[in-house]
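Visitor: Got a minute to go through a structure with me? I'd like to chat about charged pairs and surface patches.
Guide: Sure, let's pull it up.

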Amino acid sequence: MGKGEYLGEFEQIVLLAVLRLGKNAYGVTILEEIEQRTGRSVMIGAVYATLDRLEIKRYISSRVGSPTPERGGRAKRFFRVTAQGSVALERSRKILQNMWAGLNPVLEEP
Amino acid sequence: MSQNCDWNPSISAKPPEIAQRILLFLLPDQVRDNVTGDLSELYSAVIVPSCGIARARLWYWRQVVCSMRLFFRFRKNPQTALKLWKGRIDMSKPMRDAVTLHPGISMHHIPVGSGVAGFLFVFATVFIFVVGIPAMRGLLVITGIVGILGSGLVLSWHKRHALKIQSLHLHEEKQKR
């Protein structure tokens, strides 16, 4: 597996947010989802940079929606996780599970 | 967060004009509408009602600064960026891996971190780009000269007058004695 195929922490978070939001995944909702679930403040620039990276890796795909007045007449870009993205997420989860396996007693030690 | 009483959606729900213009200038076509639209939506629907105008404006400016990474990511003309960076980064050092140029997209893996380091990196990068434009370079030199001359004048004036004031004080004390 190439180095570029691994998912970084923020890439995983963004992918999971897109997956959770389903058809309503666009910049604002992704940002809100991440902030709500992780409790950390996120910049829209960081989200779009990650979304772009994921799109280049073909882990997500996007389509442009219709413009709305509250956005100053600007269109939304909706994202969805591709089959490759789901595979990459599953792989990351397995890697983390393997790394965590058996460590609970160690962590519980004072 | 508490709701600010001076919020008037009809007047103030628009993001700061200058910040928006900077963003529109910086962002490439691919993401311009999406990012500015998302920020406008967040600003008017979430940030202003919850934080108030002043903090919302600060928030917007922070978003603009952070969005600079997108400018480098999607820069329309990769050759311009490459030209400006050429000679300023030692490509033989580990930075080589960080600044990887991809066809169509200028700088793909610029290590913009979070916090002070990230901000300094963005600041340094913008400075390099500004220096790369001849008119801006001239403006920087003129500003520097004016700054040095101005501060020199102020300091010499202060020194001269401070001495006078000091001597006046001494004179008064002598008279009192």
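**Patch and salt bridges**

Guide: Let's start with A:Leu96, which sits in helix H4 of chain A. Keep in mind that this is a predicted model.

Visitor: Okay, is A:Leu96 buried or partly exposed?
Guide: A:Leu96 is partly exposed, at 40% relative accessible area.

Visitor: And which residues make the nonpolar surface patch with A:Leu96?
Guide: A:Trp100, A:Leu103, A:Val106 and A:Leu107 join A:Leu96 there, and the patch covers about 480 Å². H4 and helix H5 (104-108) of chain A are the elements giving two or more residues to that nonpolar patch.

Visitor: Switching to charges. How many salt bridges over all chains?
Guide: The count is eight over all chains.

Visitor: What does A:Arg40 pair with?
Guide: A:Glu9, side chain to side chain, with 3.6 Å from N to O. A:Arg40 is in the loop between helix H2 (27-38) and helix H3 (44-56) of chain A, while A:Glu9 belongs to helix H1 (residues 9-21) of chain A, so this salt bridge ties together parts 31 residues apart in sequence.

Visitor: How exposed are A:Arg40 and A:Glu9?
Guide: A:Arg40 is partly exposed, with a relative accessible area of 34%. A:Glu9 counts as exposed, at 55%.

Visitor: Now the other chain. Which residue does A:Arg71 bridge to?
Guide: B:Glu41, and the closest N and O atoms are 2.9 Å apart. That pair crosses between chains: A:Arg71 lies in the loop between strand E1 (60-64) and strand E2 (77-81) of chain A, and B:Glu41 lies in helix H3 (residues 29-51) of chain B.

Visitor: Are A:Arg71 and B:Glu41 buried or exposed?
Guide: A:Arg71 has a relative accessible area of 0%, so it is buried. B:Glu41 is buried too, with 10%.

Visitor: Back to H4. What is the partner of A:Glu90?
Guide: A:Arg93, where the closest N and O atoms are 3.2 Å apart. The two residues are three apart in helix H4 (residues 83-100) of chain A, so about one helical turn separates them.

Visitor: What are the relative accessible areas of A:Glu90 and A:Arg93?
Guide: A:Glu90 is partly exposed at 32%, and A:Arg93 is partly exposed at 47%.

Visitor: One last thing: which residues do salt bridges with shared partners join into one network?
Guide: A:Glu11, A:Arg53 and A:Lys57.

Definitions and conventions
Residues numbered from 1 in each chain as written. Chains lettered and ligands numbered in written order. Predicted model: local features only at pLDDT ≥ 70, side-chain atom pairs only at ≥ 80, totals over all residues. Heavy atoms only, no water. Salt bridge = Lys/Arg side-chain N within 4 Å of Asp/Glu carboxyl O. Helix = DSSP H or I, 4+ residues; strand = E, 2+ residues; numbered from the N terminus. Buried < 20%, exposed > 50% of the residue type's maximum accessible area, 1.4 Å probe, protein only. Patch = residues over 30% accessible without salt bridge, like charges linked within 9 Å, V, L, I, M, F, W, Y side chains within 5 Å. Areas by Shrake-Rupley, 256 points an atom, 1.4 Å probe, with all protein chains shown as cover.
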